[in-house]
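This briefing concerns the molecular structure displayed below. Please keep the sequence and the structure in view while reading.

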Amino acid sequence: MSVLDLAPVVPVVVIDDVDTAVPLARALVAGGLPAIEVTLRTDAALSAIARIAAEVPDAVVGAGTVRTSADVDASVRAGAKFLVSPGAPAALAAAMAASGIPFLPGAATATEVLALAERGVKEMKFFPAEAAGGVPYLSALAGPLPDVRFCPTGGIRPANAPDYLALPNVGCVGGTWLTPADALASGDYTRIEKLAVEAAALR
C-alpha cells in the first residue's frame with residue numbers, strides 16, 4: 001500500500017476529544033478520503049487512532065507528528081496503518097523502517113531527501129511545504145530525483161493544492177483545512193464530509 005495513492009488529500013487532524021474520532025473518520029471516509037493522519041499532539045491521539053482502527057474499517061488511519069522511537073512503537077500498538085514524521089534523524093528513520101508499516105519521513109532539503117533515498121526510502125513528507133520553498137522547490141527536486149515522491153504538508157490550502165498535485169513527484173498533499181475546530185466543537189460532521197468531497201475532487 002502506498003499512502004500517496006489513496007486520495008489526493010490526506011486530512012491532518014488534531015483530536016482533543018476521543019469521542020469525536022469515530023464520527024470524524026466516518027465523515028472523511030464518506031467524503032472520499034480514506035487516509036487520515038491523526039497527529040500525536042494531544043493526550044487523546046493514541047486512543048483516537050485505536051478507536052478509528054477498530055470502528056471505521058474503511059479508514060486507513062495513521063499517526064502524525066511521530067518524533068521518537070517510542071512514538072513509533074505506541075502508534076503501531078494503537079493500530080496505526082502508517083506513520084508520518086516532521087523530520088527524519090537517523091534513529092527515528094530506522095525505527096520507522098523497522099515498524100513494518102508504511103511511513104512518510106519528513107524532509108525539507110535536498111540533502112535530507114538524499115539521505116533518506118540512500119536508506120531506500122522513496123516516499124516522503126515535504127515539510128513545511130510552503131515555508132521550505134513550495135511548488136518551485138519541489139519542481140526543482142524532480143529533475144535530479146525523479147524516483148522520489150512526496151506528500152507536501154504545511155501551508156497547503158484548497159487554493160494551492162492543485163498546483164502541488166500537478167507536479168510529477170507529488171502523490172498527495174496533507175491538509176488541516178478539512179476539520180475546522182468550530183465544526184469539530186459543534187459536531188458538524190456534515191460540513192466535514194462536504195469539505196472532504198471537495199478535497200477528494202482535487203487532482
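The points below cover the strands, one helix and one loop residue. The model is predicted. Six of its strands form an open sheet with parallel pairing, and strands S6, S7 and S8 also pair in the parallel sense, S6 with S7 and S7 with S8.

**The six-stranded sheet**

- The strand order in this open sheet is S5-S4-S3-S2-S1-S9.
- Strand S5 (103–104) and strand S9 (173–175) lie at the edges, each pairing on one side only.
- Within the sheet, strand S2 (residues 35–39) runs parallel to strand S3 (residues 60–64), and five bridges join the two.
- Opposite Thr39 stands Gly64, a residue of S3.

**Strands S6, S7 and S8**

- Two bridges connect strand S6 (residues 106–107) with strand S7 (residues 123–126) in the parallel sense.
- Ala107 has Phe126 in S7 as its bridge partner.
- Between S6 and S7 the chain passes through helix H5 (residues 110–118), giving a right-handed β-α-β crossover.
- S7 also pairs with strand S8 (residues 149–152), in the parallel sense and over four bridges.
- Lys125 has Cys151 in S8 as its bridge partner.
- From S7 the chain reaches S8 through helix H6 (residues 134–142), and this β-α-β crossover is right-handed.

**Helix H9**

- Helix H9 comprises 12 residues (residues 189–200); at 1.5 Å a residue it should span 16 Å, and its end C-alpha atoms are 16 Å apart, which agrees.
- The buried residues in H9 are Tyr189, Ile192, Leu195, Ala196, Ala199 and Ala200.
- These residues cover an arc of only 135 degrees around the axis, so they lie on the same side of H9.
- Thr190 and Lys194, on the other side of H9, are exposed.
- The cover over the buried residues of H9 includes strand S1 (9–13), helix H1 (21–30) and helix H8 (181–186).

**Thr153**

- Where is the place of Thr153? Thr153 is in the loop between S8 and helix H7 (161–165).
- Is Thr153 buried or exposed? Its relative accessible area is 8%, which is under 20%, and therefore Thr153 counts as buried.
- Neighbours within four places in sequence left aside, Thr153 is in contact with Val12, Lys125, Phe126, Phe127, Pro128, Ala129 and Gly174.
- Two of these contacts, Lys125 and Phe126, also appear above as bridge partners, Lys125 of Cys151 and Phe126 of Ala107.

Key:
Residues numbered from 1 in each chain as written. Predicted model: local features only at pLDDT ≥ 70, side-chain atom pairs only at ≥ 80, totals over all residues. Heavy atoms only, no water. Expected span 1.5 Å × (residues − 1). Buried < 20%, exposed > 50% of the residue type's maximum accessible area, 1.4 Å probe, protein only. Arc of directions from axis to C-beta. Contact = heavy atoms within 4.5 Å. Pairing = 2+ DSSP bridges. Right-handed = clockwise from strand over helix to strand, strands pointing away.
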